[in-house]
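Me: I have a model open at the bench and would like to check the labels attached to it. Could you walk me through the reasoning behind them?

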Amino acid sequence: MDINNVKTLIWDRNSLKLIDQRELPFKQIYIETKNSNDVALAIKDMVVRGAPAIGVTAAYGVALAAINFKNGSISEFEKHIKDSIKVIASSRPTAVNLFWALERMKKTLEEKISKGEKSVQALKETLISEAEKIEKEDIEVNLKIGKNSLQIFDLVKKEKITILTHCNAGGLATAGYGTALGVIRSLNSAGFVKCVYVDETRPYLQGARLTAWELHQENIPYYVITDNMAGYFMKEGKIDIVVVGADRIAANGDTANKIGTYSLSVLAKHHNLLFFIAAPFSTIDFNTRDGLNIIIEQRPAQEVRKVLGVQIIPEYMPVLNPSFDITPSENISGIITEKGLIYPPFNENLYKFLKL
Ligand code: MRU
């Protein structure tokens, strides 16, 4: 299956090449990362972004750390890997997939050592194949999310629907296919999509630059709208459902996603529209009770002062730039995961699906 026209990341067991998402859609340039520091910087600077893509990249960052270890004992290797994990973990705070992937890599290493592995080379191989597994699984999970989203159609009594989405939860935000955009791809393949309204997603323009670009390549009809137009189009009856991705879902269903998602959820509720989150189960953080306990990343003021490198307000103007907000669980109609479409009450149902 053609997952994406363009690959988000290219791994060749020597380096990890990342498409520079800061340059899209105008330029398609790959940046080569050769060690865990390069990987941490690429995540921090948003060469690569989107929760699942960050997770996969982080796992490869650990694999690169393993490859770069030269001579030493098992315990020196373990320390080297754990130090690299700390560096990668410090890159961005909100997307739980980063910490999920790093934890999985750490556990894999610890298990192998505790079972008596004495060869550093064998440990390197184990970490490399675990990262490759994480990438492969991400695509499989996204395809299942897409499949599970077909149930939405039974909830909307229309032949074709219009969908509003925010930010980019597409192939570029994952190893391929996407979560929210994967849902759109699946619904479109089934013939259910009339049109997609794409929020431009200030300040970083992930909607306008990345989501619209992916939809364009897929020949899915879309309009780019500015973020403040969403209410207008909902009131006009132009939107049937909202589908967005997630960076972290707390155990009660409260969801962190790109700044502006909360406002959309309030608007959707006011207009009686279905509001869905699409995310892999690994985005659910059962260690975080509710949205109040999710750390919201504050990004540099320059991202607001400038648009695509062009200064739009003077330097002396103070700026705030929270990168995410929390959508309360009561504003969410359903969470589409690879295990199925989960309905409220999320504080009960997320645990039920965990056991599946
Ligand atoms: O700051 P970003 O671009 O990394 O934020 C991305 C989002 O908010 C996405 O919606 C989320 O990570 C899900 S991506 C499948």
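**Labels and their reasons**

Reply: Happy to! In this predicted model, the chain exposes about 15,400 Å², and carbon and sulfur atoms supply 54% of that area. As for burial, 57% of the 356 residues count as buried.

Me: How do you know that the radius of gyration agrees with a compact globule?

Reply: The rule takes 2.2 Å times the number of residues to the power 0.38. With 356 residues that gives a value near 21 Å, and the chain has 20 Å, so the two agree. Along the principal axes, the C-alpha atoms fill a box of roughly 65 × 50 × 40 Å.

Me: What secondary structure does the chain have, and where does Asp199 lie?

Reply: There are 12 helices and 16 strands in the chain. Asp199 lies in strand 5, which covers residues 193-199.

Me: Why is Asp199 said to have no salt bridge?

Reply: A salt bridge needs a side-chain nitrogen of Lys or Arg within 4 Å of a carboxyl oxygen of Asp or Glu. For buried Asp199, the nearest side chain of opposite charge is Arg202, 12 Å away, so no salt bridge is counted.

Me: What makes the pairing of Asp199 with His166 a polar contact?

Reply: The cut-off for such a pair of N or O atoms is 3.5 Å. The side chains of Asp199 and His166 come to 2.8 Å, so the pair qualifies. Beyond its neighbours within four places in sequence, Asp199 is in contact with several other residues, including Leu164, Cys167, Ile225 and Leu264.

Methods: Residues numbered from 1 in each chain as written. Predicted model: local features only at pLDDT ≥ 70, side-chain atom pairs only at ≥ 80, totals over all residues. Heavy atoms only, no water. Helix = DSSP H or I, 4+ residues; strand = E, 2+ residues; numbered from the N terminus. Buried < 20%, exposed > 50% of the residue type's maximum accessible area, 1.4 Å probe, protein only. Lys, Arg positive; Asp, Glu negative; His and termini not counted. Polar contact = N/O pair within 3.5 Å; in protein donor to acceptor, adjacent residues only side chain to side chain. Contact = heavy atoms within 4.5 Å. Areas by Shrake-Rupley, 256 points an atom, 1.4 Å probe, with all protein chains shown as cover.
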